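Trainee: I would like to learn how the labels on a structure are earned. Please take me through the reasoning step by step.

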Amino acid sequence: GLSAPVVYPALPAAVAAGAELVIQGLAFPGQQVDLVVDGLLVATEVAGPTGAFTASLRLPPGAHQVVVRSIDPATGRLTSTRAYTVEQALPPAAGL
């Protein structure tokens, strides 16, 4: 069966300064999808009728572990993607 959630395309290794990290993927239709950064729940999305979900996050500068997880409505089992390491670039220094 479908192992949900699935992140597609894979998350980038780096995000430009000031840019948001966009997370897209598939889960079961209507399934709640949690976005977890560095072990903390930061956002919750609900997959649409096709199972697709999209979220965008603004991360603080530095390296972060990003995991997408969801609960299978049929079994109540929590499923997580692998942890992605995403580096958020530092903003350019002011006054230079």
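Mentor: Gladly! A strand here is a DSSP run of type E with at least two residues, and strands are numbered from the N terminus. Keep in mind that this is a predicted model. With that, we can place aspartate 38: this residue lies in the loop between strand S4 (32-37) and strand S5 (40-46).

Trainee: What makes aspartate 38 count as partly exposed?

Mentor: Its relative accessibility is 41%. Partly exposed is the range between the 20% limit for buried and the 50% limit for exposed, so 41% earns that label. Aspartate 38 also has a positive phi of about 55°, although this residue is not a glycine.

Trainee: Now the sheet. How do you know that S1 and strand S3 pair?

Mentor: Pairing requires at least two bridges found by DSSP. S1 and strand S3 (residues 21-26) have 2 bridges, in the antiparallel sense, so they qualify. One place to look is valine 6, whose bridge partner in S3 is leucine 26.

Trainee: Why is one side of S1 and of strand S6 left without a neighbour in the sheet?

Mentor: Start from the order: 3 strands form an open, antiparallel sheet arranged S1-S3-S6. S1 and strand S6 (52-57) stand at the edges and have a single partner strand each, so one side of each has no neighbour there.

Trainee: What makes Val6, Tyr8 and Leu26 a nonpolar patch?

Mentor: Members of such a patch need over 30% relative accessible area, and their nonpolar side chains must be joined within 5 Å. Take valine 6 in strand S1: its relative accessible area is 32%, so valine 6 passes the 30% limit. Together, the three residues of the patch have about 310 Å² of accessible area.

Trainee: Why is threonine 81 called buried?

Mentor: Buried means under 20%, and threonine 81 has 13% relative accessibility, so the label fits. This residue sits in the loop between strand S8 (78-80) and S9. Setting aside residues up to four places away in sequence, threonine 81 touches Pro5, Val7, Val67 and Val68.

Trainee: How do you know that glutamate 20 and arginine 58 form a salt bridge?

Mentor: The limit is 4 Å between a side-chain nitrogen of Lys or Arg and a carboxyl oxygen of Asp or Glu. For glutamate 20 and arginine 58 the N to O distance is 3.8 Å, so this pair counts. Glutamate 20 is in the loop between S2 and S3, and arginine 58 is in the loop between S6 and S7, so the pair ties together parts that are 38 residues apart in sequence.

Trainee: How many salt bridges does this rule give?

Mentor: The count is 2. Arginine 69 and aspartate 34 also form one: their closest N and O atoms are 3.3 Å apart, so they meet the 4 Å limit as well. That pair joins strand S7, home of arginine 69, to strand S4, home of aspartate 34, across 35 residues.

Trainee: Which of those labels, buried or partly exposed, does aspartate 34 get, and which does arginine 69 get?

Mentor: Aspartate 34 has 6% relative accessibility, under the 20% limit, so aspartate 34 is buried. Arginine 69 has 25%, which lies between 20% and 50%, so arginine 69 is partly exposed.

Notes:
Residues numbered from 1 in each chain as written. Predicted model: local features only at pLDDT ≥ 70, side-chain atom pairs only at ≥ 80, totals over all residues. Heavy atoms only, no water. Helix = DSSP H or I, 4+ residues; strand = E, 2+ residues; numbered from the N terminus. Buried < 20%, exposed > 50% of the residue type's maximum accessible area, 1.4 Å probe, protein only. Patch = residues over 30% accessible without salt bridge, like charges linked within 9 Å, V, L, I, M, F, W, Y side chains within 5 Å. Areas by Shrake-Rupley, 256 points an atom, 1.4 Å probe, with all protein chains shown as cover. Contact = heavy atoms within 4.5 Å.
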